[in-house]
Amino acid sequence: MFISRNLLCLLKSTPYEEKMSEYNQKALEKKWQKKWQEMKIYHFDFDSDKQPYSIDVPPRYASGPLHAGHAVHYTHIDFAARYKRMKGYNVFFPLCFDVNGIPIEERVERKLNITRKDIDRHEFTKICSDFAEKNIETMTDQFIRLGESMDPTIYYQTNAEYYRRITQISFIELYNKGLIYKGKFPVNWCPRCMTAMADAEVVYSDRTTKLNTIKFYFTKEQTEQILKYHSIGKDEKGTYIEIATTRPEMLPSCQIVAVHPNDERTSWLIDQTVKVPSTDKEVKIVEDDAVDPDFGTGIVMICTVGDKEDLNWVFKYKLPLEMSIDGEGKMTEICGKYKGMKIEDARKAVIDDLKKDNILIKQEPLDQNVGVCWRCKTPVEFINAEQWFLKTVSFKKKVLQESDAMNWYPEFMKIRLEDWVNSLEWDWVISRQRYFATPIPLWECEKCKEVVLARSEDCYLDPTIDNPPVDKCPKCGGPLKGCEDVFDTWMDSSISPLYNTFWHRDDEKFKKFYPMSLRPQAHDIIRTWAFYTILRCALLTDEKPFENIMMGGFILSEDGTPMHASLGNVIDPLKVIDAYGTDAFRCYAASCALGEDNPFRKKDIIRGVKLLRKLWNVQQFIGNVLKDSKPEKTELQDIDKWILTKYSKLVRKCTKLMDAFDYSQSMKETEYFLWHELADHYIEMIKSSIYEKKNVDSIRYTLYTIGLGILKLFALFLPHITEEIYLDHYKNFEGKNSIHTSNWPEPTLIDEEKEMAGEMVKNYISQARSWKSEQGIALNAPMNSSATYASEDLIAKFKPSGSIIKSTLKYPNSHSFIVGKPDIEEKITEVIPVYSKLGPFFKQDSQKIVKWIHGNQDEIIKKIEEEGDILISDISVVDSDVKEGLLKKGYIQIKKETRIKGKKDVSILPFDGFYLEFQEG
């Protein structure tokens, strides 16, 4: 067997990493990112006989570059794609972007300091499109640098006509099924974005506002007795009730006042009428169980419409829908002098007037959880407006049934969907008063409002530009006007499984690919993307949209707070990659468990750098052992069967973990095996055997099998370095162009008996090496040990690996393995004073006692050997009658030497489970 001079140097070095070849991680990453694009190894093959595995990738919003949270999330998806590819699937992993709606419009408006109404509709959409395309170019480069194995040949973006066509056809089909309707209804409304919003787009934010207590005067005279109740007062203007509100600007839309039925004031107040401040209105007082008697004064004014509870009261009491706020966030005509004011300005003006009229009693700070726009974070209002709706509430059961038919990872995330579905009270408002989105494909008669729907074969179209399929209204003959509303952005993204599987593009492909295999997404969009996708696809296909759903968590800033550009705590993944490399960043991503929120941890990036170095060095060692030939399977020594069993169990465990998308635990298991089982133990055990040319064929086969196998286990997480190592050491023998298109490893050997024996040998060598290290003896220095004593069972396990033990620990060849416990005797060689115990107790006498202990060793040792201890009263330099033992109290310690009876110049060292005999001299 030929062994290179370099390998001999490696075998003699300690530790072996010191002599390993250098490598440039960043250079090899750049090289492979370019080569993978050229090799086209990640392309989906429509002609392949392999089973397809389709991933419904979240199309990334083209509103700005990726931050660390996005980078980690898409890297997790890449772990799944790479795993399934190596498992033999034909993986469908599209590169895609979401290029519709408010996220992009809002960025453009802020950048240009305009609103969409300040500019021509189509000019505005062109600016939005150009803005998005620049971001797409940046993000595509980011995905490449992150090592994502997305396929650009199945690329899509949601603003493309080919994609919007599918959105429009889906609307037409739902309309024809009777599931779409138009209605005038109070809807969530963002005053800044000037558009309707679905419930799912409303997020909640903590803020501090003011609770204003104001006077509502009775319209009729009251008895003096009513004044004994709280929140009822009297001044020169009359008797009044006190109402606390955070929205005094909404006084003009106050319709009734309510108290709780159990309120002590109820009998006095019910059916009374009060005057609404700053208006000419008089409103009635009612009792209602929904009133919170502990909030404010326990009396509430009900306006149209401040929040959802107000809306429930509107329907319950059939109240008129007088709206005090319009679509631009300004006060309406019913607000009189405040008409045209913005909400905040009107609130301030109303408060000032209430103060002047002595109607404001007090103001107090109040912490609120306020519904805000999911994109611009403006507080949401309710606007009574005509909108298009998709029937949702009546299909809650169907959504839950389809959810149950899917596998959720982790399982507990399904509860979030269930809670959201069960909480739904309104249908989904799908129309938006924006420009940059998919147009709603219909025209309406200007006279009778008859709807003319587009034909599926005409899509994609824009009704603000394109002609309707008929010249005039088929009902009354009136002129037709194209719908200016566009779809909610989730109307586009929620059909991604339909687009990906060629719905209404290729019927054969649709039958083959639908439902998709996997939906990966973040947990914060369960109530939007997951819910809407399940709903729409189930309504259109009567089937679930995907088999599995993998739920990712958030990546937080280093202090554990959410990342927001406004807070200045957003972490740029490219800066991390520039500093440490892509594979190190991916190592951090692999440490973030499925479904959990994790702070960004720089220490995990640094740990990744160390892991890369370790992997590289171990593989360089293996490559030098293998040289230019692939080893054939041969008769294996026990220690090789041990490590192959450990490796096979690792493969089996990692396969099970990856099948459940538990990539973080799979990474931990693989990393532990590399550092500890392979590097710390096995390689250290076989180095001397290679140097001495013993059992080389068995060792080479084992190193090749494990070296290639563990490289494949790491390939999901660390694609660049594993590809480089594969090229250097394995490609010529394996034939596959890339490790990423090679097969996932399989268990090689499971031998429980040899594994147990190997663990005993590992433990034996580890203990002996630790002892050498503690004694300051070099690990490659000889140990003059003549024999090992242990039980019959242990000796039976040690002997087959005797040559490994001897060569690793540098025992003489004459070292023997003897069954049984040696006949030993222990002799005390030294008594050591414990200063920390003696000082506090004996104080000024402690120095004399220490001197006495050092000067009377033989006498003290003899006393301890004969009587088991030496008493305080035995100390001749102090006058004491105390009969406590120095050893028992911890004032002294003893040092022992173990010897075999009858053998001179021989010492024995006890270890856990065995003894080592040493020749002295």
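**Two buried charged residues and the nonpolar cores**

Arg 536 sits in helix H15, which spans residues 526-541 (helices are DSSP runs of H or I, at least four residues, numbered from the N terminus). The model is predicted, so local features need pLDDT of at least 70 and side-chain atom pairs count only at pLDDT 80 or more, while totals for chains, interfaces and linings use all residues. Residues are numbered from 1 along each chain as its sequence is written, and side-chain values use heavy atoms, leaving out hydrogens and water.

What is the nearest side chain of opposite charge to Arg 536? That is Asp 492, 7.2 Å away, and Arg 536 is buried yet has no salt bridge. Here buried means under 20% relative accessible area with a 1.4 Å probe, protein chains only, and a salt bridge needs a side-chain nitrogen of Lys or Arg within 4 Å of a carboxyl oxygen of Asp or Glu. The side chain of Arg 536 does make a polar contact with that of Ser 494, at 2.8 Å (a pair of N or O atoms within 3.5 Å, one able to donate a hydrogen and the other to accept it; residues adjacent in sequence count only if both atoms are side-chain atoms).

Glu 671 belongs to helix H20, residues 663-691. Glu 671 counts as buried because its relative accessibility is 11%. A polar contact of 2.6 Å links its side chain to that of Arg 607.

The largest nonpolar core (buried Ala, Val, Leu, Ile, Met, Phe, Trp, Tyr and Cys joined through side-chain atoms within 4.5 Å) has 193 residues. A second, separate core holds 40 residues, including Val 274 and Ile 359.

Methods:
Buried < 20%, exposed > 50% of the residue type's maximum accessible area, 1.4 Å probe, protein only. Helix = DSSP H or I, 4+ residues; strand = E, 2+ residues; numbered from the N terminus. Lys, Arg positive; Asp, Glu negative; His and termini not counted.
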